[in-house]
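Here is a short tour of one protein chain, starting with its fold and ending with a few unusual spots in the backbone. Please keep the model open while you read.

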Amino acid sequence: MKARTLVFAAVLAFLSVAASATTITFGGLAGPNGAVFTTYTESGFTVSPNGASQWCQGLLFGNPLPSLFTGPVCGSPTTTNALTVTEGGMAFMFSSLDIAANNGNTLFSIIGTLLGVPVFLFSGTVPGQFGPFGFTTVGSLSGLIDQLVITFSTAGSSSNLDNIVLVTRTVPEPGSLVLIGLGALVALAVARRRTRAM
């Protein structure tokens, strides 16, 4: 019985993963302010506009600087614009993001999918501010997803996005996994010897 318990504990340790939060801050954006945003990668995550959606680089406003923005000030031909966030097909969880609604409300929706199947939909309205502008944090920890789609409908002059917080699962390095596996085998061998001695 003890041998089974030891093996079970070793297997759990072997399969264990640690979670760590990653924040996409857009700190690596290269100017100038107002330049049309195409794609951005930070901490292994890629952020890109959906279809005809237009986003711009906000190097003069952020939480802290910089951020992305969309809406009439960005020259967007549509009031509704979306971004997709992925991590190369790896699964992750969504936690929160910051939104600034400038001179009018911003309606938002955040959709997470796994293998094309919806996992969650989080939506709402951030009330417009008429200066000084500020950010509102929205979100809730989701289940595992492999794609996040963020959509803003801008009623004012612009909507800003910053600090997308995502949770990743990190697997122990191969050397640690080998040591855990060897420890399990040694524990199993010791337990068997004790059982035979009785």
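The report below goes from the whole chain to the sheet and then to single residues.

## The chain as a whole

This is a predicted model. Let's begin with the elements: the chain holds two helices and 12 strands. Read from the N terminus, their order is α-β-β-β-β-β-β-β-β-β-β-β-β-α, with a helix at each end of the series.

Of the 198 residues in the chain, 40% are buried. Among contacts with a separation of 6 or more, 73% link residues that are 24 or more positions apart. The accessible surface amounts to about 10,400 Å², and carbon and sulfur atoms supply 64% of that area.

## A six-stranded open sheet

Six of the strands form an open sheet in the order S2-S3-S6-S11-S8-S9, and the pairing is antiparallel. S2 and S9 are the edge strands, each with pairing on one side only. On average, neighbouring strands in this sheet are turned by 15° against each other, with direction ignored.

It is worth following one pair inside the sheet. S8 and S11 (residues 147-154) run antiparallel and are joined by eight bridges. One place to look is serine 109, whose bridge partner in S11 is threonine 151.

## Two cis peptide bonds

Most peptide bonds are trans. Which residues, then, does a cis peptide bond join in this chain? One such bond lies between glycine 31 and proline 32, with omega at about 5°. Proline 32 sits in the loop that runs between strand S1 (18-24) and strand S2 (40-42).

Another cis peptide bond connects leucine 65 to proline 66, and here omega is about -10°. Proline 66 belongs to the loop between strand S4 (56-58) and strand S5 (67-70).

## Two residues with positive phi

Most residues other than glycine have a negative phi. Leucine 115 has a positive value, with phi near 55°. Its place is the loop between strand S8 (106-114) and strand S9 (117-126). Is leucine 115 buried or exposed? Leucine 115 has a relative accessible area of 74%, so it counts as exposed, the cut-off being over 50%.

Asparagine 163 also has a positive phi, near 50°. This residue is found within strand S12 (residues 158-170). With a relative accessible area of 12%, asparagine 163 is buried, because that value is under 20%.

Conventions:
Residues are numbered from 1 along each chain as its sequence is written. This is a predicted model: local features need pLDDT of at least 70, side-chain atom pairs count only at pLDDT 80 or more; totals for chains, interfaces and linings use all residues. Side-chain values use heavy atoms; hydrogens and water are left out. Helices (H or I, at least four residues) and strands (E, at least two) are DSSP runs, numbered from the N terminus. Buried means under 20% relative accessible area, exposed over 50%, partly exposed in between (1.4 Å probe, protein chains only). Contact means heavy atoms within 4.5 Å. Accessible areas come from the Shrake-Rupley method with a 1.4 Å probe; for residues, only the protein chains shown count as cover. Two strands pair if DSSP finds at least two bridges between them. Axes are lines fitted to C-alpha atoms, for helices over the stretch in contact, and angles run from 0 to 180 degrees between N-to-C directions.
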